[in-house]
Amino acid sequence: MSGDAALLRQAAARHAAGALDEAEALYTRLLARSPRDANALNLLGTLHRQRGDLPRAIGLIRRAVALRPEAPVFLASLGGALAEAGQLEPAVAALRAALARRPDDAVALRNLGQALCGLGQARAALAPLRQAVALAPEAAETKLALAHACREAGALPEAIRMAEAALAHHDPDVAGQARFLLAALGRAPAPERAPAAYVRDLFDQYAPRFAADLTGRLGYRTPAALAALLRDSGLAPAPVEGALDLGCGTGLSGLALAPFARRLEGLDLSPRMLAEAARQGCYAALHEADLLDFLPRHPAAWDLIAAADVLNYLGDLGPALAALRAALRPGGLALFSVELAEGEAGGEGPYALGPGLRYRHALPALRATCAAAGLAGVAERRDVLRQEQGAPVDGVLMLLRRA
């Protein structure tokens, strides 16, 4: 057993140093000798979770839990992996079991709170998240998680306090997200776009349940509506040579767009969304990048570029539309949706950051921005894009041609 313990320590050290291939080889070697080593099973599962292989991770961690069902560290590890995989109800059960045995686990408390938020139980999430903040006051991400839960639960003063506390930690990614949340709460100017880290993390966490949530609970139908607008326009009687699906997500939009292109490519910030999209089988290529970085590197590359529910994460659409136009071949088509600001006028400006942390655009200003970018309007249709807290989200679908 001493040899096994030494091998486990060596594997864990390589794991902590980020040498995942070496650590995996050592864990595998140990498990070949001692297949019932629960620590090795859990740590190898954690390694695969880091790599994004959640099914394999969950299987290994479940084996550790089966061997030592009372061990809080394994229950908490399983709960975190299940939450990341979008299996929120079993995640909550595992995390609660872990906390019953080790109630001062700040990470398990944060994971529990975030899983409850994902289930739409923001009020129930407040207690574990508040406890996590009290136990680990240096953890800026936990304060930010509590701020989001407070916003969803309607506890706005506390949401503001927690966002400001997260901002004070000076972590660049957390600070950007905290400023963005404060802007949505009316305590800071709205930035020109949502932070890329926020969008990537949001959709990484959402990827496993994205399609089911959108098409079921939220009544999302934008990809089909955009496809109908393109079909009704008569401008695509035959498939175009090449199309790009901006913010392709899990591929819902790709399935709707595939009949219109001989070659369809997808672009997204979220690697987990791209992994889901790859399973759809409709993309010839998938790219992980920010659209404002990616499009300028591909001039005149596509005949059709579509963006379903993507431009909602940008306030100032001028740079994105100019980049989109440059990436189209002459005469190419742009097809996208945006959420509309109330009354179309958009209050005092061309866009506003809505309560759902997405931008809403004033239609007259949007038309002017499209024209300034060199995109000529072809067709336009008002529609309900989704439901949010039981209320319809009004939007507009636009089809434009590169002028």
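Here is a chat between a trainee and a mentor about a predicted model, covering helix packing, salt bridges and burial.

Trainee: Let's start with helices H5 and H6. What angle and distance describe how they pack?

Mentor: H5 covers residues 72–84 and H6 covers residues 88–101. They pack at an angle of about 155°, and their axes are 8 Å apart.

Trainee: Why is H5 called roughly antiparallel to H6?

Mentor: Set the angle against the cut-off. Angles over 145 degrees count as roughly antiparallel. The angle here is about 155°, so H5 is roughly antiparallel to H6. The crossing of the two helices is left-handed, too.

Trainee: Which residues make the contact between H5 and H6?

Mentor: From H5, they include Pro72, Leu75, Gly79 and Gly80. From H6, they include Leu88, Pro90, Leu95 and Arg101.

Trainee: How do the residues of that contact divide into nonpolar, polar and charged?

Mentor: There are 13 nonpolar, two polar and one charged. Gly counts as polar and Arg as charged, so Gly79 and Gly80 go with the polar ones and Arg101 is charged.

Trainee: Arg101 also turns up in a salt bridge with Glu70. What makes that pair a salt bridge?

Mentor: The nitrogen of Arg has to be within 4 Å of a carboxyl oxygen of Glu. For the side chains of Glu70 and Arg101, the N to O distance is 2.8 Å, so the pair meets the cut-off.

Trainee: Where do Glu70 and Arg101 lie?

Mentor: Glu70 is in the loop between helix H4 (54–67) and H5, while Arg101 is in helix H6. The pair therefore ties together parts that are 31 residues apart in sequence.

Trainee: Why is Glu70 called exposed, and why is Arg101 called partly exposed?

Mentor: Exposed means over 50% relative accessible area, buried means under 20%, and partly exposed is in between. Glu70 has 52%, so Glu70 counts as exposed. Arg101 has 36%, so Arg101 counts as partly exposed.

Trainee: How many salt bridges does a search of the whole structure find?

Mentor: It finds 22 salt bridges. One of them joins Asp303 and Arg329, with 2.7 Å from N to O. Asp303 lies in strand E4 (residues 302–307) and Arg329 in strand E5 (residues 328–340), so this pair ties together parts 26 residues apart in sequence. Arg329 is partly exposed, with a relative accessible area of 28%.

Trainee: Are there networks as well as pairs? Which residues are linked in a network of salt bridges?

Mentor: Asp21, Glu24 and Arg51 are linked that way.

Trainee: How do you know that Asn111 is buried?

Mentor: Its relative accessible area is 13%. Buried means under 20%, so Asn111 is buried. Asn111 is found in helix H7 (residues 106–118).

Trainee: What is Asn111 in contact with, leaving aside its neighbours within four places in sequence?

Mentor: Asn111 is in contact with Gly80 and Leu95. You've met both names already, in the contact of H5 with H6.

Trainee: And why is Ala379 called partly exposed?

Mentor: Ala379 has a relative accessible area of 21%. Buried means under 20% and exposed means over 50%, so Ala379 falls in between and is partly exposed. Ala379 sits in strand E8 (residues 375–388). Leaving aside neighbours within four places in sequence, Ala379 is in contact with Leu229, Leu397, Met398 and Leu399.

Definitions and conventions:
Residues are numbered from 1 along each chain as its sequence is written. This is a predicted model: local features need pLDDT of at least 70, side-chain atom pairs count only at pLDDT 80 or more; totals for chains, interfaces and linings use all residues. Side-chain values use heavy atoms; hydrogens and water are left out. Axes are lines fitted to C-alpha atoms, for helices over the stretch in contact, and angles run from 0 to 180 degrees between N-to-C directions. Helices (H or I, at least four residues) and strands (E, at least two) are DSSP runs, numbered from the N terminus. Angles under 35 degrees count as roughly parallel, over 145 as roughly antiparallel, 65 to 115 as roughly perpendicular and the rest as oblique. A crossing is left-handed if the near helix is turned anticlockwise from the far one by less than a right angle, and right-handed if clockwise. Contact means heavy atoms within 4.5 Å. Buried means under 20% relative accessible area, exposed over 50%, partly exposed in between (1.4 Å probe, protein chains only).
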